[in-house]
Amino acid sequence: MSSSSQAPAARRTLNRGRVASSLCHIDPQGQSDQQIEGVPEFIHINRNDFSYRKHIKQKENDIAICECKYKANDPDSACGERCWNVLTSIECTPRYCPCSIHCKNQRFQKREYAKTKLFRAEGRGWGLLATENIKAGEFVMEYCGEVISRTEARGRSQVYVSQGLKDVYIIPLNARECIDATKKGNLARFINHSCQPNCETMKWSVLGEDRVGIFALRNISVGTELTYSYNFEWYSGAKVRCLCGATRCSGFLGGKPCGFQEDSFAWEKNNERYSGGDKPSSSLGPKKRLKHDHNGGSRPLPGKQVDAKYVAQFLASKDAQEEVLKNEEERKEALSHLASVYREIEPAIEDHDMYGPANVLTDVAEQWIGASCRKLKAEFNLHSSIIRNLICPPQRAPEDAKPSAGDPDHEIK
């Protein structure tokens with residue numbers, strides 16, 4: 001993708017019209033080949049390809065076993081919506097599931113995909129149509145590709161850009177890895193973006209490995225195009241205008257109504273991309289102030305901070321001044337620690353944005369919560385010490401009080 005060289009949150013382009021001249025053999029459900037002329041050249045795979053590491057071998061102690069009991073008169077009893085594993089996005093393991101062959105929670109493993117077909121999406125290259133009715137919450141298909149490290153994803157992004165490759169399909173898998181369907185993948189790579197999608201991506205644990213699936217957000221009728229939000233995050237470079245046509249379209253691929261940087265934008269005309277400096281006429285709402293750190297990240301600018309040193313000079317007691325200044329130092333240390341933790345777990349935070357908090361690793365969540373609580377506690381201690389010493393300054397102890405000269409009420413008898 002030509003817009004960035006960083007690891008993507010969900011890296012796509014809308015101009016998928018650039019295709020190879022050769023034929024591509026596609027096996028959507030692993031049953032029969034679909035031969036379509038003009039489809040972008042890639043190697044079709046039915047499951048994720050692992051090249052940089054070995055496939056995880058699930059340990060018996062790590063197998064999650066549900067407590068479902070199959071009842072012939074209740075099909076949903078065989079690992080349906082009430083199954084503990086389903087509720088926690090974990091597929092049942094064959095031979096360990098109490099429902100045995102009746103288990104309905106092995107959709108990734110059995111590739112129980114909805115029926116779909118490729119079609120030419122006007123102005124948006126290729127897309128995917130539903131050829132059967134799909135119910136809300138139903139599994140559509142898995143997003144397959146090469147499982148690579150985040151470091152490799154950054155490197156590949158740079159290579160793809162240098163090669164002039166405009167269609168790049170890299171999405172995050174977890175805090176450490178991404179899925180690259182650019183050269184190897186399945187039909188899920190053709191699902192287009194929409195600001196009002198009818199599908200969503202969800203991360204599931206299957207036999208010890210993280211996998212990404214496409215699920216229907218609502219009922220989808222035959223002949224409807226499948227879409228989901230790419231949750232696209234721009235790091236630098238030109239932006240791609242969104243052509244999803246939704247009523248509440250954000251204006252740019254994966255963008256939000258606010259938060260765009262006023263730099264160059266990428267437009268599409270006659271299936272060609274070019275950059276321009278003109279801001280689109282459509283209103284995108286108020287801009288959100290962003291602060292860029294030395295690592296290239298962006299975060300909202302903080303509000304006004306209390307100047308502890310300035311406040312301390314108005315405190316009469318030296319002990320009160322030292323207390324406030326000590327709390328200020330602890331606040332600074334907590335902020336520095338929080339920033340350090342954020343830089344370390346930033347990839348996992350991206351996963352949270354895309355897949356939801358249920359897919360953030362426990363240790364990552366604990367680090368973030370601990371650092372955030374430390375910061376909040378330090379700020380509370382600072383503010384409370386300032387308020388306490390300003391409103392209720394410490395009084396001198398009675399034994400330290402000395403009577404003033406000539407005061408008969410304080411005369412020692």
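Which strands does helix α3 lie across, and at about what angle does it run to β8? In this predicted model, α3, made of residues 150-162, lies across β8, β9 and β10. Its direction is at about 105° to that of β8.

The three strands under discussion belong to an open sheet of four strands, in the order β4-β8-β10-β9. The pairing in this sheet is mixed. The edge positions are taken by β4 (49-50) and β9 (170-172). Each of these has a single partner strand, so one side of β4 and one side of β9 are left without a neighbour in the sheet. Within the sheet, β8 covers residues 146-149 and β10 covers residues 177-180. These two strands run antiparallel and are joined by four bridges. One residue pair can be used to locate the register: Glu146 has Asp180 in β10 as its bridge partner.

A separate feature is the second largest pocket, whose volume is about 630 Å³. Its lining consists of 22 residues. Those that lie nearest the centre of the pocket are Glu81, Arg107, Gly137, Glu138 and Phe139. Sorted by class, the lining holds 10 nonpolar, four polar and eight charged residues. Which elements each supply at least two residues of this lining? They are α1 (84-87), β13 (199-206) and β14 (209-216). Strand β13 gives the most, with three residues.

The backbone between some of these elements also deserves a look. Most residues other than glycine have a negative phi. Leu207, in the loop between β13 and β14, has a positive phi of about 55° although it is not a glycine. Is Leu207 buried, partly exposed or exposed? Its relative accessibility is 29%, and because partly exposed covers the range between 20% and 50%, Leu207 counts as partly exposed.

Ser100 is another residue with a positive phi, near 55°, and is likewise not a glycine. This serine lies in the loop between α1 and α2 (107-110). At 47% relative accessibility, Ser100 also falls in the partly exposed class, since a value over 50% would be needed for a residue to count as exposed.

The loops that hold these two residues connect to elements already met at the pocket. The loop of Leu207 lies between β13 and β14, and both strands supply at least two residues of the lining. The loop of Ser100 lies between α1 and α2, and α1 likewise supplies at least two lining residues.

Note on methods:
Residues are numbered from 1 along each chain as its sequence is written. This is a predicted model: local features need pLDDT of at least 70, side-chain atom pairs count only at pLDDT 80 or more; totals for chains, interfaces and linings use all residues. Side-chain values use heavy atoms; hydrogens and water are left out. On a 1 Å grid over the protein atoms alone, a cavity is a set of points where a 1.4 Å probe fits but cannot get out, and a pocket is an open set with protein on both sides within 12 Å along at least five of seven lines; lining residues have an atom within 4 Å of a point. Grid points are joined across faces, edges and corners, and a volume is the space filled by probe spheres set on the points. Ala, Val, Leu, Ile, Met, Phe, Trp, Tyr, Cys and Pro count as nonpolar, Asp, Glu, Lys and Arg as charged, and the others, Gly among them, as polar. Two strands pair if DSSP finds at least two bridges between them. Contact means heavy atoms within 4.5 Å. Axes are lines fitted to C-alpha atoms, for helices over the stretch in contact, and angles run from 0 to 180 degrees between N-to-C directions. Buried means under 20% relative accessible area, exposed over 50%, partly exposed in between (1.4 Å probe, protein chains only).
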